Amino acid sequence: MRERDIDRAVQGCTAAHRRLAGHIGSLHEVGDLDATQASLLPGWTIAHVLAHLAANAESHVRVLEGAERGEVLDQYEGGSEARSAAIEAGSRLDVAALVGAVVDSMARLESAWGRAAERAWDGRWRSPLGPEFTIGELPFRRWREVEMHHHDLGLTGFGIDDWSPEYVKRELALRSIEWTSRHPMGLTSLPAAAMRLSPPMRLAWLMGRAVPPGLEPVRFG
């Protein structure tokens, strides 16, 4: 079962990689990708989001290769400060270099997935916040990063309704459980207003990407 879940996440994320690469590549080719514009994430430009997507892919390669050697590595060498510095530095690249960095990093990650030995998926890695997780969780986590941040770019041609239906289904199940776990006993289901939403919009609310009428913003932490 675990192997099947990993394979499905790898396949789903690979498809999301293709959508992202095709989208930003085609916009760049026609000169319609201005990375200096604001993204949908407060304080981040499109360049910041692209730099993060590239750095995130490289971090997954790093910890996966570490697991192959029997090591438990921090996701980002140098921790959260180094991660932020790398994103800031990457955001200053020109748009061609940014697009290239995103596409190349995705290819390296997919290659690392393809050659990973079975034992590597049982390895562990440390998140920037400290907790350890299994390597086997990484493909779905990467899938989340790509789907969410593709939306966060705020580019014409990709919105919440373009998220993969399988991704939405899997993430909705996880986020719904998380939401109920943070609320009083007895409140075991999402609000009626949330249940009337389409699955992508419900997920957008749960992920802090939208505040539909009749609902409060979802708070994290």
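This report looks at two pockets, one helix and one serine in a predicted model.

**The pockets**

Let's start with the open spaces. The largest pocket takes up about 1100 Å³. It is lined by 35 residues, and those closest to its centre are Arg144, Glu145, His149, Arg175 and Arg209. Helices H2 (46-68), H3 (79-90), H5 (138-152) and H6 (165-181) each give at least two residues to that lining. H5 puts in the largest share, with seven residues.

The second largest pocket holds about 290 Å³ of space. Here 13 residues form the lining, and Gly136, Glu137, Phe140, Arg170 and Leu174 are the closest to the centre. At least two lining residues come from each of helix H1 (2-29), H5 and H6.

Here is how the two linings break down by class:

| Pocket | Nonpolar | Polar | Charged |
|---|---|---|---|
| Largest pocket | 14 residues | eleven residues | ten residues |
| Second largest pocket | five residues | two residues | six residues |

**Helix H2**

Now for H2, one of the helices that help line the largest pocket. Does its length fit what you'd expect, or what is the gap between its ends? At 1.5 Å a residue, the 23 residues of H2 should span 33 Å, and the end C-alpha atoms are 34 Å apart, so the two agree. H2 is also largely enclosed by the rest of the structure, because 18 of its 23 residues are buried.

Both ends of the helix have something to look at. At the start of H2, threonine 45 has a side-chain oxygen that comes within 3.2 Å of the backbone nitrogen of alanine 47. After H2 comes glycine 70, with a positive phi near 85°.

**Serine 91**

Last stop: serine 91, which sits in the loop between H3 and helix H4 (95-115). Is serine 91 buried or exposed? Its relative accessibility is 13%, which is under the 20% cut-off, so serine 91 counts as buried.

What does the serine 91 side chain pair up with? A polar contact of 3.4 Å links it to the side chain of histidine 48. A polar atom of the serine 91 side chain also lies 2.6 Å from the backbone oxygen of glutamate 88.

Setting aside neighbours within four places in sequence, serine 91 is in contact with Ala47, His48 and Ala51. Those residue numbers fall in H2 (46-68), the helix that has 18 of its 23 residues buried.

Technical notes:
Residues numbered from 1 in each chain as written. Predicted model: local features only at pLDDT ≥ 70, side-chain atom pairs only at ≥ 80, totals over all residues. Heavy atoms only, no water. 1 Å grid on protein atoms, 1.4 Å probe; cavity = no way out; pocket = protein on both sides within 12 Å on 5 of 7 lines; lining within 4 Å. Points joined across faces, edges and corners; volume = space filled by probe spheres on them. Helix = DSSP H or I, 4+ residues; strand = E, 2+ residues; numbered from the N terminus. Nonpolar A, V, L, I, M, F, W, Y, C, P; charged D, E, K, R; others polar. Buried < 20%, exposed > 50% of the residue type's maximum accessible area, 1.4 Å probe, protein only. Polar contact = N/O pair within 3.5 Å; in protein donor to acceptor, adjacent residues only side chain to side chain. Contact = heavy atoms within 4.5 Å. Expected span 1.5 Å × (residues − 1).
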